[in-house]
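Subject: Structure handover

Hello,

Here is the structure we discussed handing over. Please have it open while you read the notes underneath.

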Amino acid sequence: MAEVHNQLEIKFRLTDGSDIGPKAFPDATTVAALKETVISEWPREKENGPRTVKEVKLISAGKVLENNKTVKDYRSPVSNLVSAVTTMHVIIQPPVTEKEKKPKGDPKMNKCVCSVM
């Protein structure tokens, strides 16, 4: 039974409401490893799937999870209940292309000037 407390059942909720999982992960699993799982198990029929860990954002209990943290760092008291499944929301942010990085127009034109009279 102690083995159950060292693992966390997680399902990943995609933006369209479908899920990946649930699947058990040891407490020592990093968030980066969770993101790799999302990438490898991404449904093939869905377009615009993530290609790298940097494109995936995981949100749990209103917090964006950091890659270097572990499952244990984000464990909530509710997750210790028998047969509890933690839902993490998946947000995909495609990489920014060079075209999108370039500022549009003259940078001097984008300044805002306010005056109070």
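The notes below go from the overall fold to the core, then to the aromatic rings and the salt bridges.

**Overall**

Keep in mind that this is a predicted model. The chain has 3 helices and 5 strands. Read from the N terminus, the order of elements is α-β-β-α-β-β-β-α. Of its 117 residues, 27% count as buried. The accessible surface is about 8,700 Å². Carbon and sulfur atoms account for 55% of that surface. Take the contacts between residues at least 6 apart in sequence: 58% of them join residues at least 24 apart.

**Core**

In soluble globular proteins, nonpolar side chains tend to be buried together. Here the largest nonpolar core has 19 residues. Which of them touch the most other members? They are Ile10, Phe12, Leu34, Val38, Leu58, Met88 and Val90. Five elements are listed as giving two or more residues to this core: strands E1 (7-13), E2 (19-26), E3 (56-60) and E5 (86-92), plus helix H2 (31-41). H2 gives the most, with 5 residues.

Val90 is a good place to start looking. Leaving aside neighbours within four places in sequence, Val90 is in contact with Phe12, Arg13, Leu14 and Thr15, with Val38 and Trp42, and with Val56, Lys57 and Leu58.

**Aromatic pair**

The structure holds 1 aromatic pair. Its partners are Phe12 and Phe25, arranged edge-to-face. The ring centres are 6.0 Å apart, and the planes meet at 75 degrees. Phe12 lies in strand E1 and Phe25 in strand E2, so the pair ties together parts that are 13 residues apart in sequence. Are these two residues buried or exposed? Both Phe12 and Phe25 are buried. Phe12 also appears among the core residues that touch the most other members.

**Salt bridges**

How many salt bridges are there? The count comes to 4. Three of the pairs are worth a look.

- Arg13 and Asp19: their side chains meet in a salt bridge at 2.4 Å, N to O. Arg13 counts as partly exposed, at 26% relative accessibility. Asp19 is partly exposed too, at 35%. Lys11 joins these two in a network of salt bridges. Arg13 is also one of the residues in contact with Val90.

- Lys46 and Asp16: the closest N and O atoms are 2.3 Å apart. This pair links distant parts of the chain. Lys46 sits in the loop between H2 and E3, Asp16 in the loop between E1 and E2, and 30 residues separate them. Lys46 is partly exposed, with a relative accessible area of 24%.

- Lys23 and Glu41: here the closest N and O atoms are 3.0 Å apart. Again the pair links distant parts of the chain, with Lys23 in strand E2 and Glu41 in helix H2, 18 residues apart. Lys23 is partly exposed at 36% relative accessible area. Glu41 is partly exposed as well, at 33%.

**Where to look, in short**

Begin with helix H2, which gives the most residues to the core. Glu41 of that helix also holds the salt bridge to Lys23 in E2. Next, follow strands E1 and E2, where the Phe12 and Phe25 rings pair. Then turn to Arg13 and its network with Lys11 and Asp19. Finish at Lys46 and Asp16, whose salt bridge runs between two loops.

Best wishes

Note on methods: Residues numbered from 1 in each chain as written. Predicted model: local features only at pLDDT ≥ 70, side-chain atom pairs only at ≥ 80, totals over all residues. Heavy atoms only, no water. Core = buried A, V, L, I, M, F, W, Y, C linked by side-chain atoms within 4.5 Å. Buried < 20%, exposed > 50% of the residue type's maximum accessible area, 1.4 Å probe, protein only. Helix = DSSP H or I, 4+ residues; strand = E, 2+ residues; numbered from the N terminus. Contact = heavy atoms within 4.5 Å. Phe/Tyr/Trp six-rings, centres within 6.5 Å; stacked < 30°, edge-to-face > 60°. Areas by Shrake-Rupley, 256 points an atom, 1.4 Å probe, with all protein chains shown as cover.
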